[in-house]
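Visitor: I would like to be guided through this structure, one question at a time. Where should we begin?

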Amino acid sequence: MEIIESLEDIPVQNPQAEDFSYSDLTWTKFGTTEHHDEVALIPNARVKKFIIGECSNPECPTQFHIDRVRNRSRGSLKVYKPDEYLEYRRYWCSFGPENYGEGGSVLPSRKYRLKTRNRAPRPQSMRGCQCHFVVKRLYARPSLALLVYKERRHVNKAGFVCHGPLDRDAIGPGAKKIPYICNEIQQQTMSMIYLGIPEENVLEKHLEGVQRYCGSDATVDSLASQYVHKLGMIIKRSTHELDLDDHASIKIWAERNKKSIFSYQESSETDQFVLGIQTEWQLQQFVRFGHCSLVAADSTFGIKRLKYPLCTLLVFDSRHHALPVAWIISRSNLKSDVEKWMKILLQRAQSVEPGFRINGFIVDDAAMEIDSIRDTFCCPILFSLWRIRRSWLRNVVKKCDTIEVQRELFKCLGEVVYSVWDGVDTSKALERLTQDFSDQTAFMQYFTSTWFPKIGMWLSFIKSLPLASQEACGAIEAYHVKLKTKLFDDTHLNALQRVDWLVHKLTTELHSSYWLDRYADESDSFQNVKEEYIASTSWHRASEIPDSAVTLDSNDTLVAKVLSQRDTNVTRVVWNPGSEFAFCDCAWSLQGNLCKHIIKVNTMCENREGYGDSMSLRSFKEKLRSIKMKPMDDSMALDLSMALTMQMFDQIKQLVRLSGTDDISNIVDDLPVKWGCKKGRTTVGIPASIAAFTKKRSRKRKR
């Protein structure tokens with residue numbers, strides 16, 4: 001739009017409609033290049049009609065109040081500009097400019113009446129709206145009025161719609177008539193809508209929840225139906241693009257969702273971008289399933305396709321399924337950045353449960369900063385082989401043609417990893433690999449370019465840390481596959497380089513999916529969802545295969561057969577049974593996943609002769625040997641090892657006694673008495689959730 005510097009060049013407009021608004025006028029940029037406003041000239045007699053039209057905006061219905069008034073008398077100016085005013089009125093939306101809502105200033109408590117106009121029907125309805133315009137009755141032409149719009153949108157300072165039907169947080173004057181909707185019912189309804197469940201089914205489940213509190217009533221049913229329909233429209237109209245610029249969009253989202261963010265660092269010349277997301281429900285699950293248990297990390301998701309890699313912290317729920325409890329979006333692996341968000345996450349959990357701690361942390365990347373984990377959580381660190389196994393298997397299947405070559409090559413790759421504990425020189429194992437499969441040029445080119453530079457680091461990392469079990473690896477892999485299915489959909493390929501899209505998908509669809517899974521399992525509802533959730537891991541699917549369906553030949557320990565449970569005419573063949581690098585010919589395994597047939601065969605090979613130990617068991621035995629051989633005779637290291645061993649022995653002894661007794665009172669009487677400090681004796685033994693609500697006695701003298 002061209003900037004006009006002379007008021008004489010702006011035409012006078014007089015719409016034919018009785019009431020008119022902003023959209024009925026043609027607006028012009030008036031001023032200079034540095035400072036200009038959108039203006040329009042109308043007859044002064046029609047200003048009230050313009051204000052009525054603006055108040056009737058269907059998107060943001062409101063009232064405008066006069067915020068500032070200035071007047072001049074005729075003849076008071078000897079020299080004046082064409083835009084000088086005779087009368088000056090600034091009109092502001094009645095939902096602003098103050099903000100007495102969440103995130104705004106505190107509404108002052110006054111006992112006297114302010115000498116100001118009533119800016120809103122209720123003071124608490126002021127939401128910080130910045131919409132306002134100025135009306136100038138021109139000094140040179142008193143019959144005309146110059147409209148100057150300063151802010152057209154009904155938004156707050158953060159740029160969000162703050163009232164009207166488009167406001168997601170709007171309650172409205174009829175809030176007292178709406179039936180009670182607790183957080184559980186609201187989250188259930190939102191989750192079902194996000195997952196694409198038809199509105200009729202959503203309404204049916206919503207009414208079941210509402211009627212538990214309000215009973216069955218025609219009015220309640222009507223209002224609940226309106227609530228579901230409105231919530232569905234809001235979710236469908238919501239978009240991840242809060243701004244065309246991705247950086248500005250994620251900044252707006254962070255400003256609006258402070259409760260769901262535990263760490264946020266904008267990118268600059270010295271700092272890298274870091275965004276840590278954890279909702280209130282995820283924090284509850286982190287404390288519930290992470291306390292005195294294991295936490296795992298899926299650390300480098302989308303490193304090639306997304307703008308910033310995604311790291312997910314996982315806990316294992318009551319069914320040993322991986323549950324996401326925090327998402328970290330960042331490319332930074334610096335110890336300072338990693339330690340910063342880890343400490344904030346730990347403090348967040350300890351604010352809910354003061355004694356919160358974890359017993360182990362599972363990593364899946366040799367490049368991960370483990371010193372930060374040790375310094376923050378003060379726990380042992382385990383390594384998961386699922387990522388390296390998945391990467392190798394996918395490329396073996398993709399780059400090798402025949403299944404015979406695939407299984408032999410994958411077995412040889414497993415021998416390279418097993419050489420860490422077998423005492424075989426790793427370089428010789430790699431040399432044998434390259435010589436035996438030199439004709440597989442596609443795979444060997446991939447392996448030499450991708451893994452040769454870092455294979456030594458990975459193998460030393462595997463040898464230095466204990467390995468996680470196949471059950472944990474399967475649970476982490478199941479989450480990874482589900483995350484990949486949700487994000488890498490063909491309809492969203494154009495948005496992969498936007499952080500706001502990634503955040504939107506995580507906090508809506510993925511979060512709702514896991515919330516509904518847990519709710520269905522705990523409340524025994526949504527049977528289809530519950531069944532899919534229970535069978536989502538290969539470990540659980542393997543437990544449903546009977547032992548009679550597995551055939552192990554004592555004469556040939558290189559092959560095992562598993563009879564299919566769906567089609568008895570199909571038999572799956574597992575090569576190299578008993579190893580983490582076993583190879584199955586089922587479709588799920590050929591995609592690079594750890595299938596149920598391999599897990600079932602490996603569990604049956606544990607106690608049979610002719611089959612080797614699993615990698616996790618070999619790693620455990622190696623750690624025990626290193627502890628046994630470490631201290632020298634008559635040294636202080638021997639004393640320390642003996643003290644730690646006796647401490648562990650006493651704990652195991654107490655656990656065995658506790659699990660084998662029928663009367664716990666006999667054990668409690670023998671336990672040593674632990675005195676708390678004098679100040680905290682009243683709350684010793686009280687759960688943190690109860691102690692937090694105990695009121696302290698006020699020492700202030702009452703007047």
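Guide: This is a predicted model. Let us start with its strands. Strand S1 (residues 3–4) and strand S2 (residues 28–31) pair over 2 bridges, in the parallel sense.

Visitor: Which residue of S2 is the bridge partner of Ile3?

Guide: In general, strands of a sheet pair through backbone hydrogen bonds, either parallel or antiparallel. S1 and S2 show the parallel sense. Within S2, the partner of Ile3 is Lys29.

Visitor: In which sense does S2 pair with strand S3, and how many residues does the hairpin between them use?

Guide: S2 and S3 (residues 36–43) share 4 bridges, and their pairing is antiparallel. One of the facing pairs sets Thr28 opposite Val39 in S3. The hairpin that joins S2 to S3 runs through 4 residues.

Visitor: Which strands stand at the edges of the sheet that contains S1, and why is one side of each without a neighbour?

Guide: The sheet is open, has 7 strands and mixed pairing, and follows the order S1-S2-S3-S7-S6-S5-S4. A strand at an edge has a single partner strand, so one side of it is left without a neighbour in the sheet. The two edge strands are S1 and S4 (64–71).

Visitor: How many bridges join S4 to strand S5?

Guide: S5 covers residues 85–93 and pairs with S4 in the antiparallel sense. In this pairing, Arg68 has Arg90 of S5 as its bridge partner. The number of bridges between S4 and S5 is 7.

Visitor: Which strands does helix H1 lie across, and at what angle does H1 run to S7?

Guide: H1 is formed by residues 47–55. It lies across S3, S4, S5, strand S6 (132–138) and strand S7 (144–151). The angle between H1 and S7 is about 25 degrees.

Visitor: Which peptide bond is cis, with omega near 0 degrees?

Guide: In general, most residues other than glycine have a negative phi, and most peptide bonds are trans. Pro97 lies in the loop between S5 and S6. The cis bond is the one from Gly96 to Pro97.

Visitor: What is the phi of Cys292?

Guide: Cys292 is placed in the loop between helix H6 (280–290) and strand S10 (294–301). Its phi is positive although Cys292 is not a glycine. The value is about 55 degrees.

Visitor: At what angle do the axes of helices H5 and H15 cross?

Guide: H5 spans residues 246–256 and H15 spans residues 499–523, and their axes come within 8 Å. The contact is made by Asp246, Ser249, Ile250 and Trp253 of H5 with Val499, Asp500, Val503 and Thr507 of H15. These residues divide into 4 nonpolar, 2 polar and 2 charged. The crossing angle is roughly 35 degrees.

Visitor: How many cavities of 30 Å³ or more does the structure hold, and what is the volume of the largest?

Guide: The structure holds 2 cavities of 30 Å³ or more. The second largest has a volume of about 30 Å³. For the largest cavity, the volume is about 110 Å³.

Visitor: Which helix gives the most residues to the lining of the largest cavity?

Guide: The lining includes Leu385, Trp386, Arg389, Gln470, Cys473 and Glu477. Two elements give two or more residues to this lining, namely helix H9 (386–399) and helix H14 (470–487). By class, the lining has 5 nonpolar, 2 polar and 3 charged residues. The helix that gives the most, with 3 residues, is H14.

Visitor: How many nonpolar residues line the second largest cavity?

Guide: The residues that line this cavity are Leu306, Lys307, Tyr308, Ile329, Leu496, Arg498, Val499 and Leu502. None is polar, and 2 are charged. The number of nonpolar residues is 6.

Visitor: Which helix packs on the sheet formed by S15, S16, S17 and S18?

Guide: The 4 strands form an open sheet in the order S15-S16-S17-S18, with antiparallel pairing. S16 (residues 559–563) and S17 (residues 571–575) are joined by 5 bridges, and Leu563 has Thr571 of S17 as its bridge partner. The helix that touches S15, S16, S17 and S18 is H19 (residues 596–605).

Visitor: Where does UniProt place the feature "domain: SWIM-type"?

Guide: The feature comes from an unreviewed UniProt entry. Over its residues the chain is 37% helix and 18% strand, and the end C-alpha atoms are 28 Å apart. The record places the feature at residues 569–606.

How values were computed: Residues numbered from 1 in each chain as written. Predicted model: local features only at pLDDT ≥ 70, side-chain atom pairs only at ≥ 80, totals over all residues. Heavy atoms only, no water. 1 Å grid on protein atoms, 1.4 Å probe; cavity = no way out; pocket = protein on both sides within 12 Å on 5 of 7 lines; lining within 4 Å. Points joined across faces, edges and corners; volume = space filled by probe spheres on them. Nonpolar A, V, L, I, M, F, W, Y, C, P; charged D, E, K, R; others polar. UniProt positions renumbered as here; feature names shortened; annotations may be inferred. Pairing = 2+ DSSP bridges. Contact = heavy atoms within 4.5 Å. Axes fitted to C-alpha atoms, helices over the stretch in contact; angles between N-to-C directions.
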